[in-house]
Each structure stands twice: as C-alpha cells, then as structure tokens.
Amino acid sequence: MSSPTSTPVGSKPSSDGLASPPSQRRRGQDSSNGDLPAMPTSPATDIASPAVHDTSLFSSPRRSVLPSEVDMSSPLIGVRGTPVRQRPDLGSARKAPQVDLHTELPSADGAVASEQAAGQKLVIWGTDVNVGTCKEKFQRFLQRFIDPTSNEDENAGLDLNEPLYMQKLEEISVIGEPVLNVNCSHVQSFDADLYRQLISYPQEVIPTFDMAVNELFFERFPDSILEHQIQVRPYNALKTRNMRSLNPEDIDQMITISGMVIRTSQLIPEMQEAFFQCQVCAFSTRVEVDRGRIAEPAVCRNCNTTHSLALIHNRSAFSDKQMIKVQESPDDMPAGQTPHTTIVYAHNDLVDKVQPGDRINITGIYRAVPMRENPRQSTVKSVYKTHIDVIHFRKTDEKRLHGLDEDSDQKLFTEERVQTLKELAAKPDVYERLSSALAPSIYEQEDIKKGILLQLFGGTRKDFSQTGRGNFRAEVNILLCGDPGTSKSQLLQYVFNLVPRGQYTSGKGSSAVGLTAYVMKDPETKQLVLQTGALVLSDNGICCIDEFDKMSDSTRSVLHEVMEQQTLSIAKAGIICQLNARTSVLAAANPVESQWNPKKTTIENIQLPHTLLSRFDLIFLMLDPQDEAYDRRLAHHLVALYYQSEEQIEEEFLDMAVLKDYIAYARTYINPRLNEEASQALIEAYVDMRKIGSGRGMVSAYPRQLESLIRLAEAHAKVRFSDKVETVDVEEAKRLHREALKQSATDPRTGFVDISILTTGMSATARKRKEEVAQALKKMIQSRGKIPAMKYQQLFDDLRGQSEAAITKDMFEEALRALADEDYLTVTGKTVRLL
Amino acid sequence: MPSSHDWINKPLGVVEAMFAQSNSNPEWEAKVLEYFKGQLKEKESHSWVPSLNDVPLHYLKPNSLVKFRCLVQDMFDPEFYMGVYETVDPSTKANVLRCGKYKDVTECGVDLNSRNTVTAERQTFYCVPIPGESPWAKEISFLSAARVVPSTSYVPSRQKRSYEEDDDDMDTQPQKQREPHTEPHGNGDSKRQETEAPSSQTTTPSDCSSHLDLNFPLPGERGPACLVKVYEGLDSFKLNDTLEIYGILSVNPVLTVLGEEKDPSLLLLNPTESMETPEEQRAHDPPASLVPRLHMLYARPLQHNNPLLPSAPTEDQSAFVSSFLVEMASVRAELLAYLTHVLLGDGLAAEYLLLHLISDVYTRRDVLPLGKFTLNLSGCPLNSYTERLYQIVQQLVPCSYRLSMSLHTMNSMRLVPKKDYVANRLVSGALQLARNTSLFLDETQLEQGQLDSSGVRNITALGNLISWQKVDYDFSYHQMEFPCNINVLVTSEGRSLLPSDCQVPLQPQVTPPNMEEYLTTIHMAQFTSQINKFRVYLSLARTLDYSISDEVTKAVEDDFVDMRKDDPQSVTAEDLHRMLVVARLLSLSLGQTTLSRDGWMRAKHIDMLRRSRTEQQKSLNGNEP
C-alpha cells in the first residue's frame, strides 16, 4: 500500500517497523506477518470473521491471515454492496492484529460487537485501542455531539442544537459524497481519551471510525447508494504546529500543519491490487498489494503449473497518488532562516485538490522511511525520508478569494495575551500610546502617525449589496506628500513591516501589471496562470506605494477602481475576472519642484489628478516645521537614537509585537457600529463643513468626506476596543480630518480651506479668476466691433495693457480656451478667428 | 605539540568511547561537546586542526577533525537519522548497540526493527568559503595554520616564502594572483612547485564545477563547498552567518555511489526516491569527493575574518586591543596619508574613505539601520582608475567585491538570491555576502542603453541594500527580507544614480601623467608590515564601543538649533543623521570611545567642507542635481 515501504528485498519481515522508525515509543514492533516469532498469548479467535463477507475480493492467497486480525476496512453490517474504497492515506493498517492484554480468554465473538466483560481487554497490537470500545465511543460521539457555539462556515445551514454530525450524515445521504469531515477539537471536547487515541494511533483508529460511521449510516439510510463507503477525515488536530516544530516524536501520529504549496507532481498511479492470469489455463487471481509489495503466486491453483501466472496490467486496480511539496508559510518563520519544506502525499480524491501557491492546513500522518538505496550493500544511509500522508486539506486562503468578508486566517490569541491587550485598551491614553509606538525612530508628526494608526485599524466593513450600492469601502487611504528627506519612505517601510499582508512598491519601478495582475505561462504546467500583483496581494492589508508621483498615468488609472470599489477587473489573454483588492493605500509623493512650494496648492505641487486625490481620506503634508523648540526636540530625539541601548528604547515604547497583536485582535474581533449620538454628531459635522464654504459660494464638503469621517470614527472606536462608535470617536475623526485638510486643502491665495482644490483640482477663487479674465477678453473683442480675425500676440498685448492685474500667458490661453468652448472664437496657429 | 592527537585524528573513536561508557544515558552527547570544546580551548590547539580552506581535500584524512571558515549559504530541511541503532552480527547473532551520530552511514547488519533504535534530528547547512575573501587574508591564514598539520600527510612547503614577498607580487599583479597556476614566476622551478600546492587545492573543485554548480555567491570564486550536518543549537544559526566550524570530515565514497547507481526497478517501488528530481539529487547529495560532509562538533561565529586579529572575544583580544589603541592615532595618520596619495592628493576624500571603511551597522531601530555609511566618490577619473582603487581597497579589507555596473552586467547578473524549487535550494546571488564585506560599485563603467526588467530589479535591489541594509530574497511566491551589513562604496563620474549617505566629489590635486605607474609607486612604497597595521586598524576600529555623554548631547542639540536658526533650509534632520554617524566614525577612527566636543566640531567641520564642495560642483555643472 501507500506507505512506501521501499524494498521487497531484505531478510527482515518488513513491516510497520520499517515504515515507522521507532522513536523510543513502544509501537513499531508491530509486525503482522505470519512468521512473527513471539506473538503473545493471543487467544486466536477470529473475531472479525463475520466481517469478511466479501469473499470474492479476499479469496486470494493471503499469507498473513492471522486468526486474530481485524480487517479494519471491511464494513460490518448493512452495507448492501457499497464497495469499500481503500484508504492509502492510512497506510498498511488493514490487518491489525489484536492482542489481549490480560491472560483471561475473551469470549469468542464478543470482542467486537458486544460489551466487554470487565477484566478483559482486547487491543490492537502495539496500541491501547480496543476496536469495540473505540467504535462505540465514536458512534456515541456522532449521535450526541452538539456544538451550539459553532460558527464554522462548514456548518452553515445546520441546526446548531441538533447533533451536528448526524445532520452531516443526512447531508451525505442527499449529496452522495461519502466523506465525513470531523473536527478533532469536537472529539476532544466530547471524549478526551478517544481524541488521544486518534492522535496517537490514527492508522488504527480511523478505520475503526470508518466502520462505525458506515454502520450508523446504513442503519439510518438503508436505501442510500454511495459510490463507496463513507470515509472519515479528521481535521484540525489540536496539535497544530508549524513545520519547524515537527520532530521524531511525531512519527506515525496525526498532525496538522500549515504551509504553502510550492510544487505538485503529476498523478502517479499506484497499484492497489494486482491481477494475475495463468498462461496455461487462463485462471485468474487477484493479489492485494501489501505494504508496497506484491506476492506473486508461484503456483496456479487451478492447474498446478508453477510460475505460469503473469501480471495483467489492464485489469489490475490502481489508485491515484500525488506528491505535493509544502513550504512553511513566511509568517511562521524565525528571522534569518530559510523556510523548510515537507513532502506530502495525497491519495485518491485528494489528488489535484491544491495548486502551487495555495496556503493550506494539512491534517495527516507523519511518516519516516529509512533509505536503503542499494540492496547489495549492507550499509544503510542512516537517514530517514519523511513525508506526510494527507487525510484532509483545508485551504486557508479560500475564503479570501471567494468569500465576502472577514479574515479567515484568524490569529489565535492566548488568554493572557487577550488579557494584556484588553488592559492596554482600557487605558485612557491608549490612542496616544499606540500612535507614539508607531515608528518610534521617526520624530513627532503626531497627526500623521495617528492617521496611519487609524488606517491600520480600518473602518467597519458594511455590505449594502442588497440595496444596490454594493460594498462600502472600509479601508482608509492616506497620501503623504512633502519635501524629500522627511522620512516618508521610512514611515512606509515601517508600516510595510508591521502589517502581515503588506506590500511595498515604488511608483518608479512598478508598472500597471506589477500592481494589478498579469498572465504568464507557468513553467511547470505550461498553462497560463494569473499572477497577482501588489494590490491584489495586499488584499486585507496595506499597499505602500512610494514615489507615487513618479508613477505613469496608465498605472495610476488602475488605482481608481481599487481605491473606491475595492475590486480589480482584469481582461487579459482570455482571462476575464474581477479580483478583490480590499487594500488600504498608503502613498508617498514628492513635490514636482523637488521642494514644496507653499505658494501653490497641493495639486499644483504634486501634479496628481484630482480624481485620484479625492479618493484619499487623509492627505498629509510632511514639511519641515522650522521652529526652534521643535528643532531642539528633534535633535534630542536623533542623538538619543544613536546612543540609547535597546533596553532604554523598549521602556519608552510599546513592543512592536504587542502593537501587531493589538491591531490583529481589533481587526478580527471588534466591529463597532455608530450609536445615536455619534450619528447626530457626524451629521452636524458634515453640515458644518458644508456651511463653511457656502458663505463664500463654494462647496467645502462632499459625501465622500462624510464617508471618510465615518470610517475614521469607526477606526478610532476600534482602537478603544469599543463596539460602539461614540462622540469621542467622531470628535477625533473630525479633528484629524480637519488637520489634514488644513494642511493640504488650504488655498494659498486666500488662506481658506477649500475642499474643491482636492475635488476639482482648482480652488474656487482660481476658478472665479479664470472666468473674469475670459469675460474681460470677450468684452475687449466685442468692443472692437466686427473683425473676423486678429493676431494672437497682439490680442495678448492688448489684454495685458487693458487689465490692471498682471496677466500671464497661461491665463490668457486659458481664457481663450474658455471662449472657444463657448463657440465664440477659434484659435488656429497665430490667428484668432471669431465665429 | 602534545603527544596524543587522537581527538584530531580519530574523533569518532572518542565519540564512540564516550557512547559506550554512557549506557544509553543521553548525557553523553553533552559530554562529547564539552570534551571537544575543552580541547579547543587550549592554547594554540585550534591551529593544530587542519583547515579545509587551506589543505586540499585529498590530503585530509577521512573521519578526522577539520575546521572550515565559511558562510552559511543555504539551510536544507531537517532530516531524521538513526541516533542509536542495533546491529546483528550474522555469525554470532549478538546484538550490539551503536551510535549513529556524526556519521553518514551505518555499520553492517542493521536491525531495522529493533526497539532500541532512537531516531534523532539534524539539519544540513550548505556552506561556502567566505565570498570575496581577499587574497591576503587567505594567504596569511594559510601560512599561520599550515605550521602544524599533524593529522595530514600533507606538508605545505609554502612557508619558505615570506608573505612580504607575496604581497608585493599580489599588489603588482592582483588579477593573476587569483589564478595562481597561471602566475608567471621567473624564479625557477622550486618556486613553481611551491605554488603548485595551493593551486591544486583551488583547481580541484573548479575542474568539476562544470558538471556541478557549487553555488558560490560571487562569480569566479573557488574553494571547497561543504555540507555541514548540524546537531545542536539549530536555532542559533542564521543564513549568511560566518562561522568557523570544527567537525568530523566525512568523504565516504558510499555517499556518491548511493546517489548514482540506482536500480530503475527500485524506483518504481520506492516512490519517495523517484520524487526527488535529478536536480534536487544533485543539489542535496553531490559526490562527497567534491562536496565533503562535515559533522559539526563545535562552531564559532566569526566577528570578522581578519587573520591578523585574534578572532574570539577572549582576554587575548582585549589585551591586543588595548595595546593597539596606543598606536591608533599614529596609524590613522599614516593610513590617511596613504589614502590621500591614492586619491590623488585629496585629503578630504581620503578622510571620508577612511570613515567609510570602518563603518558598520551596529544596531537597527525598527526599520532603520544605524551606523551605515555609504560613500559616493564622484568625479572619479576614467580609464581604470577605479579598478586600481579597488585593488588598493582590497589590500586593506579582508572581504571585498567589485561590481562593475556596466549595462551588460546589470542586465545579466543575478544579484538577489532566488529559491529554485526544482532543485530545492537557494541559488545564490552576488548580494549574498558576509557581514562587513566591502562592496565596490563601479558606476563609471555604466554606458548609455536600456536596462531590461532584470536590470531594473538589480538596481532596485542595490538601492534597497544601500538605504535599508537588507536584501529581499526571491522565493517566487513571496519575498523574504534578510538584513545585511555591507559597506557600499560607489564610484561614479557625476552623482550616482543610487542613493548614498554621503557624496564626496573627488578633487585631484595632482594629475599624474601615468596613473597606473603613479598608483603602483605609491603602493610599492608601503611595507607589508605597514599594510598589515592598516588592516588591523580598520578591523579593530569597527569593533570598539561608543557612547555619547549627556553633556555632549546637549551641545549637539544646541548646535543643531543654532544652525537651523540661521538658515532652516541648510540643515535638515537628514543632515543631523549623517553628522552623527560621521562624528561616531571619526571618534572611533581615533580610538576614542566617547564623543567629545572637539570630535563633534571636527565632524561638523569636515561635513561643512564636503558640502561646500558639492555646492561648488553643482554651480559648476549647472544642471547637475
């Protein structure tokens, strides 16, 4: 069978002992071959005899039928011809001998079916598993287990107050997929001893479970027709660990590890049953593969010719098998080391379930096989090959791609950790604390750090798809602009290092495809595959884009969709799809003239389209404050940075790990909603904002700003671990928003905050001015009477002479364009014609 | 020399004896380590152990104790092996317990089903000699180690040549020194023979590298690569660590045979084997004659690989340091004078170059590496001046590499290590360097043309290296960040296209008609003892501790505020960062471990000089940014 027990050669009764190097544990001497020397006083009763009814299948000469073997995979009652599907994932446990631990003889048939008499205990060799008890326990578990608090997606649509697994069995009878996934944590909470046995002796216990399930199932649904018998697939063994912590102790135990698929092999057909035909009399016989070996019958039983049997490949039975290489996921690794890889074998229907790049949780049995590569040599390389026979796959990123919401990879927090986090949250100054813990090496810039902190927490995700509006963006986007050398990049780097799913790109180096997705030929499968870019990769994270201004226009246009709709549409090489890109964007831009010009507006300084700018919730300027007290503090901070020891620093600031956990916890568990007062406060704030402008005839706030305010307020509530958004949150959101506006949307000509700078790219006064010039020009032309055409340069000079304010060439051209738009005139080369 | 060298010649005997005594008490493992550590602690004893770096592999006895100075290039997956196993004697049927630790293969007749078998775990590291190790460092460690090699039959005859002489050879023909077998020695046959020994060592692997890629980070590197089996303290090792490993050499030919002769019928039945691609086989089980196995008994992390300095922080070293500190100022003056000559009489540039050479990332604050000091020497004369400059730098530092940034190399060279999933190994790149390696980026080689996508990636990688002192290794599904500590020196005509901490336009005071000759003469004028002093000085200054007193902190703050008062544009936070680094390096270069007011003023002063020079350059060139 599957457990690749390598060599047919070798004098030893190759057995499980070979498949599983004994690691100081007491199993491993397990050897079911008939020539086993010292079987303990086993009362060789064929307890399993009623089970072996499928005689045609087992009529082959089985050398090793010991009386005391239980045929683990054969069903007991009421199967109605549903064929058994072999379980190569469990290895060679089909025939496990039972031993009696006590010397008293058990009553002949009572071992499996009936209650055990006290004092006698029949167990499978090498374990402490008693088939009967085990089966009974598991049936009881299936029939009684209820988990009212379950919130697993798999259990959607099930009545939580009814026995969970009975409902699943019902599902099987309807759908006809004969696989029962069992959550090990359920087993543990129901029966800790059963759970221990399952973990320690999976290859004996799981077949027992199979038996139990099938009995139960066909009792309940005697008429169902299944492709093969139900197989139990346990998952989520609580011993979930990362690859690094696997050690020899885990061999032959059931484990759950997480990792990323890096390679999958072609499908490998593995022989399960060999078909032999006699060359003389055409008598045929079948031989099962036993631990990787086929015992070729030497004599034909029909005609007694020796060595006349030939293997017929076409009629032999094969099962599918696939090798998968799994690599440690980057989050689990200690810094400075390379990731480990493990070989995993998938069998039957688990083949091709995963693709390279998938992040998965694997439940399976850990195996180690010695390498005896050359049978002619007596020396053996003293190394074992290890692999995992997979029982259950679970993709961890599945929901990210298909599902609607919520992070699937919930980080598990220990009780103490949650406690410390909550204590921290209860402190009144938690907001300030956290913001100052952000990038401590960067000096001050309090408001910017606060903004970024709120971005890290994000708003609450809302779904309005029923009302036709679709998802509301919950992510906060921030743009930092300012003089070069004001540690913008450093801030970006810090954020990128802080968040689990961050991406860092530079506008200069990245193209539209690098940001979104591109189609490439996979070198291995030669198929076209979609390679996702930074924006998609940072789904649910933060995408840091440095040198935003250096980005090409086509690249930037991609961002429009991402930053508001949070999706990414792709139509390339026959692949048309829409990917989720619920990413927050943290961008940094330098002014065009390398130094920020305070006489110009933000738009003029960074030359970004206003359509894009209006999608940023907060735009901060990072300028040199030029103030003595600030300089002094800055100098002190920097000098300290250079000589303070690590400990001193740690005293002052929060640990980065704590901050990470705090954010992860809040993002996962806290979903604040607006309360009544907060809504009122938001409405007021919005109305106020609109009022400011209306006095001067301009609009100073748009619904987008209101949405920003809501997001910021929600994020602030998250910082406090509060489920309600209260007025304090709104106040802070207002303050921060105002601060950012004050910096970025102040009209340098008037000194007023003017939101239209960001929304239309031009301040209201500038627009008014433009109109005035156009009118003046029109008036001037009209005053000249009916002249069909005039010289461009002359007109410009005339206008300049006439106007009292200085008129630049730009302004003149703009005025001309405005008049051309009115269909009043047209400009051709150096002449201006009236229409 | 002690009479018994059993622990060097037959370390396995020692291990087995201890195992036999232990009665399967697991403490024996610790005892073994303790024993070897103790032996190595003894004075001089580590110099008795032959080094894989110096002695050709075929001269070393199998299963003897050897040492290897190396860089951890890749870490393979952990493997399980039989720590203890039982063998059955076919004639007597007696069972014997055996120890499988520190061995690759087992004895005959293993009882695979024995219940006494203990499975244990170990990990394999792929180690290569320290990339870019300067010829002089190799030479000196070779000479000092080769004094006594009791466990080999190999007697190097090289020590007859004084290394003074070697140095001179190297200086005049450094290129040729790298390929010693082509070295044209006119001194007759005896000399010829002597150089033969090390060259045979270096050619052994290189001959075969055509079949087998030994995965050295830098092109043109030579030397033995080694698979090191690590048993203890797996977590304490990191990729790119430089280590001196003491371990048992295993070159069992079985390892090779096992890998190659394979019965195809077995492959069918043994799917585990067939799963390994041939590439993976080659990468993980290369023939032992090319890539020996080394079973680690003891490893010492190296702070530096300068053979002139005691390598471990022992009492030895502190005595050495304090004795050298006295000389420090004078050596500095001499070195400065030397560098000034080399930089065509430009004293300021020489000062900055000196500071650059002793810089070191001493700590990191969140993402910010502190202490890095990337220097951009702009205005370098063309025509192989930079090449000569590199050769001089190479003579001073123990590890260096010159990356000529021509368009072709930038487009074609692999700088960033990349994981090859087919062979399951980390394919090295030129940026996988040991700590404190001097990376010399020669931008004068850059010509007009277009960078392709890999060129852009390479430039980005260099930029990241300079700004953050990290390299993002390419794991194809994700990138992984590895912090590094590399001194980058950029030489360019104009301002470099790469970021740098500090740009110094070179202002030559002399224009020698024949540059080549000029530099050679300067170099020849230095005695080797002098050069050695410089070498010690540069390595030592880097390791000194440094602090700033509160008083000076205050002064610095005041100064900063004053400077900003006059003209806020003139000094930014960035400038303060730089000045603090300059002040630190300046103090260290003088052997002072605290910043004094004078030190600060000096730092300010030279920074002013430098800035005025760049301003000048700007106004001269007009459009130069």
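Here is a walk through selected spots in chains A and B, with what to select at each stop.

**Before you start**

This is a predicted model, where local features need pLDDT of at least 70, side-chain atom pairs count only at pLDDT 80 or more, and totals for chains, interfaces and linings use all residues. Residues are numbered from 1 along each chain as its sequence is written, chains are lettered from A and ligands numbered from 1 in the order in which they are written, and side-chain values use heavy atoms, with hydrogens and water left out.

**Stop 1: a parallel sheet in chain A**

Select E16, E19, E22, E15 and E23 of chain A; in that order, these five strands form an open sheet with parallel pairing. Helices (H or I, at least four residues) and strands (E, at least two) are DSSP runs, numbered from the N terminus. Two strands pair if DSSP finds at least two bridges between them. At the edges you'll find strand E16 (502-506) and strand E23 (618-622) of chain A, each pairing on one side only. From one strand to the next, the twist averages 15 degrees.

Now zoom in on E19 (residues 542-546) and E22 (residues 584-589) of chain A, which run parallel and are joined by four bridges. Pick Ile545(A), and opposite it in E22(A) stands Ala587(A).

Add helix H13 (residues 488-498) of chain A, which packs on this sheet and touches strand E15 (478-482), E16, E19, E22 and E23 of chain A. Contact means heavy atoms within 4.5 Å. The direction of H13 makes about 155 degrees with that of E19(A). Axes here are lines fitted to C-alpha atoms, for helices over the stretch in contact, and angles run from 0 to 180 degrees between N-to-C directions.

**Stop 2: two helices of chain A**

Select helix H21 (residues 656-669) of chain A. At 1.5 Å a residue its 14 residues should span 20 Å, and its end C-alpha atoms are 20 Å apart, which agrees. The expected span is 1.5 Å times one less than the number of residues. Among the buried residues of H21(A) are Val658(A), Leu659(A), Tyr662(A) and Ile663(A). Buried means under 20% relative accessible area, exposed over 50%, and partly exposed in between (1.4 Å probe, protein chains only). To see what covers them, show helices including H10 (415-426), H11 (430-437), H12 (446-457), H13 and H23 (703-719) of chain A.

Next, jump to helix H16 (residues 553-565) of chain A, which has 13 residues and reaches 19 Å from its first C-alpha to its last, close to the 18 Å expected. Its buried residues include Val558(A), Leu559(A), Val562(A) and Met563(A). Just after H16(A) comes Gln566(A), with a positive phi near 65 degrees.

**Stop 3: an antiparallel sheet in chain A**

Select E26, E28 and E27 of chain A, three strands that form an open sheet in that order, with antiparallel pairing. Strand E26 (789-791) and strand E27 (825-828) each have a single partner strand, so one side of each is left without a neighbour in the sheet. Here the twist averages 25 degrees from one strand to the next. E27(A) and strand E28 (residues 831-834) of chain A pair over four bridges, and Thr828(A) stands opposite Thr831(A) in E28(A). Helix H27 (residues 792-802) of chain A packs on the sheet, touching E26 and E28, and its direction makes about 75 degrees with that of E26(A).

**Stop 4: Leu216(A)**

Center on Leu216(A), in helix H8 (residues 202-220) of chain A. At 3% relative accessibility, this leucine counts as buried. Leaving aside neighbours within four places in sequence, Leu216(A) is in contact with Gln139(A), Leu142(A), Gln143(A), Met166(A) and Leu169(A). Gln139(A) is 77 residues from Leu216(A) in sequence, yet 7.2 Å away C-alpha to C-alpha.

**Stop 5: over to chain B**

Chain B has 22 helices and 17 strands, and buried residues make up 59% of its 625 residues. Select strand E3 (residues 118-129) of chain B, where ten of the twelve residues are buried. Strand E1 (residues 65-88) of chain B pairs with E3(B) in the antiparallel sense over eleven bridges, while E3(B) and strand E4 (residues 226-230) of chain B pair in the antiparallel sense over five. Click Phe125(B): it is the bridge partner of Met75(B) and stands opposite Val228(B) in E4(B).
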